[in-house]
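Here is an informal walk through one protein and the ligand that sits with it. Have the sequence and the 3D view open as you read.

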Amino acid sequence: MCGIIGYTGSENVKEVLLDALELLEYRGYDSAGIAVMEENEIQVYKRAGRVKDLREKCAGKAENSVCGIGHTRWATHGGVNDTNAHPHQVGRVTLVHNGIIENYRELIADYDLKEKLQSETDSEVVAALLDRFYEGNPEETIKKTVSKLKGTFALVIMFADHAGVIYSTRNVSPIVATLCKEGAMLASDLTALCRFTNNYFVVPEYHILEMKEDSIKLTDFDGNEKEPEYLTADWELNSAGKNGYPFYMEKEIMEQPDAIERTIANRIVSGMPDFTAEGVPDSLFTECDRINIIACGTAMHAGLVAQALVKSILHMHIDVDMASEFMYSDPVIDEKTLVIAVSQSGETIDTLEAVKYARRRGAKCLSIINVKGSSIARESDYVLYTNAGPEIAVASTKAYTTQLSIFYLIVAKMAQLRGVYDTEQTQSFIRELQRTPEVMKKVLEKRRDIHVLANKVLSAKDLFMIGRGLDHSILLEGSLKLKEVSYIHSEAYASGELKHGPIALITQDTPVVASVTQEKLMSKELSNIKEVRSRGADIVLFIKESLAEDIDSQYQTFLLPDMRDEFMVMPASVALQLLAYYVSSDKGFDVDKPRNLAKVVTVE
Ligand code: M6R
């Protein structure tokens with residue numbers, strides 16, 4: 001949460017910072033601010049609201065800066081207002097911070113900082129402490145200050161008497177940095193750097209980064225200079241733009257066929273799943289006797305689909321845990337457990353902590369991640385990257401379906417290795433996976449029909465989504481999508497459970513979205529739909545085309561192109577994503593930045 005940027009170089013500093021903040025805004029959009037240095041003076045511009053509001057505030061100002069730092073905030077400590085916005089300036093120190101300083105109250109008391117503070121934030125306390133310790137040596141001051149901090153932090157700091165120099169250090173909260181022909185820059189994620197370069201390095205924890213216009217120096221806390229370990233992002237330089245779409249969410253939904261193609265193409269050799277390029281050994285899949293998937297939100301929903309597949313195809317014990325609950329639930333984990341962590345950002349703190357916990361307990365961890373070199377990727381034994389490209393909309397879409405496509409590969413691999421599938425069965429499963437981009441395209445081509453369906457639920461205050469088995473798993477995700485971008489209260493229920501309570505809430509004002517894609521469950525699902533229809537609910541039905549004979553004409557129906565039942569998740573997910581998208585955009589909401597949310601959740 002919170003986006004941070006630092007830049008020193010030959011370009012217009014203010015513009016670089018503001019453009020970067022726009023790209024990072026998905027990490028938090030309660031307020032935005034920049035601090036720019038002109039000779040030995042640092043000017044701060046900040047305000048509650050969006051980066052575009054900040055841009056207006058800075059118009060015509062700060063044109064000759066030599067370096068600067070910036071921040072978009074997702075509020076934790078202190079309300080959303082101008083004072084609590086970053087950067088914070090105390091004496092000679094100006095900083096931006098991402099993370100949480102747990103002991104900020106003790107620090108205020110121990111170092112008598114109260115008089116120096118104007119905001120309610122934990123971050124300003126760090127600025128005050130740095131200023132208290134500062135005697136002209138930035139590195140020593142940073143080390144001394146950090147030694148007093150408890151919590152997570154990515155700090156980017158300017159000292160008023162060090163013109164053109166930016167310092168940074170971190171614990172847990174991420175920072176990536178680079179030196180390129182336009183200068184030196186750092187950011188909380190690489191979306192902000194991609195405009196300039198694909199080469200970047202992750203700033204290691206408890207190191208100090210010093211950035212000047214034409215140099216970067218990385219030292220550990222013992223003063224040893226370290227060579228940055230550069231990585232290359234395979235994201236296209238301009239792939240973080242909207243490409244003419246009104247919202248990133250629509251663009252990212254439309255990108256899914258290509259994203260899946262990219263994700264699976266190099267992992268299929270002679271029609272068989274293959275992870276040798278990633279160094280994932282077969283023993284990882286043969287020596288485990290149970291699987292634990294840990295993830296949050298949409299990534300966890302991908303895990304629930306995987307759970308259904310693993311149970312029905314592999315007949316193995318598999319749990320899916322919310323990462324935030326995992327280590328507090330005394331999970332059964334040992335050396336025979338394969339932990340699969342799933343995360344788009346690779347920075348979700350709950351998932352990161354859960355991975356560390358599982359590995360301490362002896363489990364091997366394979367992670368499915370979108371962002372290269374991210375914290376979870378680095379903490380894992382093995383990584384399979386989803387290759388979805390940058391996902392900017394807060395609502396996750398292409399990350400989810402690419403995560404699913406990796407799960408299909410894993411299931412196929414395990415089925416083959418464990419003797420559940422022979423070669424022909426494995427290849428047939430993989431051939432069906434290879435069809436998904438084409439099948440998804442068919443749904444995307446009919447998106448106008450889904451737009452019409454969206455109108456049927458537009459004015460709903462409450463809504464239910466019902467289905468059984470894999471349909472239920474799909475709808476959990478569809479329901480999350482709808483509620484996060486449209487603010488309609490939506491609940492996904494296993495349709496058989498409805499009669500055990502929730503059916504009491506069904507009225508003619510409660511539309512019901514149903515998914516029917518599994519042949520063996522179809523007749524029961526259709527009966528459950530009739531039950532809610534009899535109680536007045538309008539029905540929006542997503543049904544596999546070949547199952548759609550004799551459907552009640554009163555239902556608003558969308559036919560999903562046929563795949564094997566195990567794969568119907570793919571077209572159904574796209575349809576549900578589009579439903580949520582159109583409801584939100586038709587309501588006039590800022591689809592990409594739903595209220596109260598942030599793309600990357602780096603606080604517990
Ligand atoms: O980056 P991660 O995949 O770890 O993020 C997990 C969740 O925070 C994320 O999926 C969230 O639920 C999305 N907003 C859903 O659209």
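A polar contact here is a pair of N or O atoms within 3.5 Å; within protein, one of them must be able to donate a hydrogen and the other to accept it, and residues adjacent in sequence count only if both atoms belong to side chains. What you see is a predicted model, where local features need pLDDT of at least 70 and side-chain atom pairs count only at pLDDT 80 or more, while totals for chains, interfaces and linings use all residues. Residues are numbered from 1 along each chain as its sequence is written, and side-chain values use heavy atoms, with hydrogens and water left out.

**Around the ligand**

Let's start with the ligand. Which of the 13 residues around the ligand come nearest? They are Ser 343, Gln 344, Ser 345, Thr 348 and Glu 484, where "near" means that a heavy atom of the residue lies within 4 Å.

Three polar contacts with the ligand are worth finding in the viewer:

| Residue | Protein atom | Ligand atom | Distance |
|---|---|---|---|
| Ser 343 | polar side-chain atom | oxygen | 2.6 Å |
| Thr 348 | side-chain N or O | oxygen | 2.4 Å |
| Val 394 | backbone N or O | nitrogen | 3.1 Å |

How much of the ligand's accessible area does the protein cover? On its own the ligand has 410 Å², and the protein covers 91% of that. Areas like this come from the Shrake-Rupley method with a 1.4 Å probe; for residues, only the protein chains shown count as cover.

Two elements give two or more residues each to the shell around the ligand: helix 9 (297-314) and helix 16 (470-486). Helix 9 gives the most, with three residues. Helices (H or I, at least four residues) and strands (E, at least two) are DSSP runs, numbered from the N terminus.

As for chemistry, the shell splits into four nonpolar, seven polar and two charged residues. In this scheme Ala, Val, Leu, Ile, Met, Phe, Trp, Tyr, Cys and Pro are nonpolar, Asp, Glu, Lys and Arg are charged, and the others, Gly among them, are polar.

**Along those two helices**

Take His 301, which has its place in helix 9. Is His 301 buried or exposed? It's buried, with a relative accessible area of 9%; buried means under 20%, exposed over 50%, and partly exposed in between (1.4 Å probe, protein chains only). Leaving out neighbours within four places in sequence, His 301 is in contact with Tyr 400, Leu 476, Glu 477 and Leu 480, contact meaning heavy atoms within 4.5 Å.

Now hop over to helix 16, where you'll find Ser 486. Ser 486 is buried too, at 0% relative accessibility. Its side chain reaches the backbone oxygen of Leu 482 at 2.6 Å. Sequence neighbours within four places aside, Ser 486 touches Val 583, Ser 584, Lys 587 and Phe 589.

**In the loops**

Gln 518 belongs to the loop between strand 25 (512-516) and helix 17 (522-534). With 7% relative accessibility, Gln 518 counts as buried. Beyond its neighbours within four places, the contacts of Gln 518 include Leu 470, Asp 471 and Met 568.

Gly 49 is in the loop between strand 3 (41-48) and helix 2 (51-58). Again setting aside neighbours within four places, Gly 49 is in contact with Tyr 29, Asp 30, Ser 31 and Ala 32.

A few backbone oddities are fun to look up. His 86 and Pro 87 are joined by a cis peptide bond, with omega about -5°, and Pro 87 has its place in the loop between strand 4 (67-73) and strand 5 (88-90). Asp 112 isn't a glycine, yet its phi is positive, near 50°. Asp 112 lies in the loop between helix 3 (104-110) and helix 4 (122-133), and is exposed at 57% relative accessible area. His 315 also has a positive phi, about 55°, without being a glycine. You'll find His 315 in the loop between helix 9 and strand 19 (317-322), exposed at 63%.

**Cysteines**

How many disulfides does the structure hold? Zero, a disulfide being a pair of cysteine sulfur atoms within 2.5 Å. Cys 296 is in no disulfide, and the nearest cysteine sulfur, that of Cys 365, is 13 Å away. Cys 296 is partly exposed, at 25% relative accessible area. Why is Cys 365 without a bond to Cys 288? The sulfur of Cys 288 is the closest cysteine sulfur to that of Cys 365, but it's 13 Å off, too far for a bond. Cys 365 is buried, at 0% relative accessibility.
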